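Colleague: Thanks for making time for this model today. Could you walk me through it, one question at a time?

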Amino acid sequence: TTIVFFEPDGTRREVEANPGESLMEVAVRHGVEGVDADCGGVCACATCHGHIDPAFFGRLLAMNDTEDAMLELVEDQRAANSRLLCQIQVGPELDGIVIKLPGVRR
Ligand code: FES
C-alpha cells in the first residue's frame, strides 16, 4: 500500500505501508518529518495530526470523541479533513492516499 506524505516544508515522500500499521507508524518508520507521535499512538498528544486527502477522507472510519477532543490542541491548524494519524489503520483501500502534515507546534 503506497502512502504519500507532504512534509511541512512541502517535500513529497512516497512510502510503502504494511497492512494493520497506523498511518502514524508508517510515517515514523520512514522518518517522515512532521509526525512526532509523542504519546506513542494512544490518542493523547495530537503530534500526529495530518490533513487527509479529501478523496479518501470519507472512506475512513469516523473519529471518536477522544480524537475530536485531542484535535482541539491543534485548533489553529485544524481543517475539515484533519485526523490523528495514529487512529487510522492502513488497509488496501488507502492505496495512494495523500496526507499533508501541517507541522508540530511547540
Ligand atoms: Fe499521540 Fe497520535 S501519536 S495522538
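Colleague: Leaving aside neighbours within four places in sequence, which residues is Ile99 in contact with?
Modeller: Happy to start there, and please keep in mind that this is a predicted model. Leaving aside neighbours within four places in sequence, the residues in contact with Ile99 are Ile3, Phe5, Leu23, Gly50, His51, Ile52 and Asp53.

Colleague: And which residue stands opposite Ile99?
Modeller: Ile99 belongs to β5, and β5 pairs with β3 in the antiparallel sense over two bridges. The residue opposite Ile99 is Ile52.

Colleague: In what order do the five strands form the open sheet?
Modeller: Let's build it from the pairs. β1 and β2 run antiparallel and are joined by five bridges, while β1 (residues 2-6) pairs with β5 (residues 97-100) in the parallel sense over four bridges. β5 also pairs with β3 in the antiparallel sense, and β3 (residues 49-52) pairs with β4 in the antiparallel sense over three bridges. The pairing is therefore mixed, and the order in the open sheet is β2-β1-β5-β3-β4.

Colleague: Which are the edge strands, each pairing on one side only?
Modeller: The open sheet has the order β2-β1-β5-β3-β4. Each edge strand pairs on one side only, and the two are β2 (12-16) and β4 (82-84).

Colleague: What does the twist average from one strand to the next?
Modeller: Staying with that sheet of five strands, the average twist from one strand to the next is 35°.

Colleague: What is the bridge partner of Gly50 in β4?
Modeller: Three bridges link β3 and β4 in the antiparallel sense. For Gly50, the bridge partner in β4 is Arg83.

Colleague: Which residue in β5 stands opposite Val4?
Modeller: Here we turn to the parallel pair, β1 and β5, with four bridges. Opposite Val4 in β5 stands Val98.

Colleague: In the hairpin of β1 and β2, which residue takes a positive phi?
Modeller: The two strands of this hairpin run antiparallel, and Ile3 has Val15 in β2 as its bridge partner. Five residues lie between the strands, and the one with a positive phi, near 95°, is Gly10.

Colleague: Of the five residues of β2, what is the number buried?
Modeller: A buried residue needs 20 or more other C-beta atoms within 10 Å of its own. β2 lies largely in the open, because the number of its five residues that are buried is zero.

Colleague: Which element supplies the largest share of the largest nonpolar core?
Modeller: That core has 22 residues, and among those with the most contacts inside it are Ile3, Leu23, Met24 and Ile99. β1, α1 (23-29) and β5 each supply at least two of its residues. The largest share is four residues, and it comes from α1.

Colleague: Is Ala37 buried or partly exposed?
Modeller: Ala37 sits in the loop between α1 and β3, and its phi is positive, near 55°, although the residue is not a glycine. It has 19 other C-beta atoms within 10 Å, and burial needs 20 or more, so Ala37 is partly exposed.

Colleague: What is the phi of Cys43?
Modeller: Cys43 lies in the loop between α1 and β3. With 17 C-beta neighbours inside 10 Å, Cys43 counts as partly exposed. Cys43 is not a glycine, yet its phi is positive, at about 60°.

Colleague: Which residues does Gln77 touch, not counting those up to four places away in sequence?
Modeller: Gln77 lies in the loop between α3 (65-71) and β4, and it counts as partly exposed because it has 17 C-beta neighbours inside 10 Å. Not counting residues up to four places away in sequence, Gln77 touches His49 and Pro102.

Colleague: What is the radius of gyration of the protein?
Modeller: The elements run β-β-α-β-α-α-β-β from the N terminus on. For 106 residues the globule rule gives 13 Å, and the protein comes close to that, so it is as compact as a globular protein of that length, with a radius of gyration of 12 Å.

Colleague: Last one: what is the mean pLDDT of the protein?
Modeller: The model scores ipTM 0.99 and pTM 0.96. In the protein, 99% of residues reach a pLDDT of 70 or more, and the mean is 96.

Notes: Residues numbered from 1 in each chain as written. Predicted model: local features only at pLDDT ≥ 70, side-chain atom pairs only at ≥ 80, totals over all residues. Axes fitted to C-alpha atoms, helices over the stretch in contact; angles between N-to-C directions. Rg over C-alpha atoms; globule rule 2.2 N^0.38 Å. Buried ≥ 20, exposed ≤ 12 C-beta atoms within 10 Å, placed from the backbone. Contact = placed C-beta atoms within 7 Å. Core = buried A, V, L, I, M, F, W, Y, C linked by C-beta atoms within 7 Å. pLDDT = per-residue confidence, 0-100.
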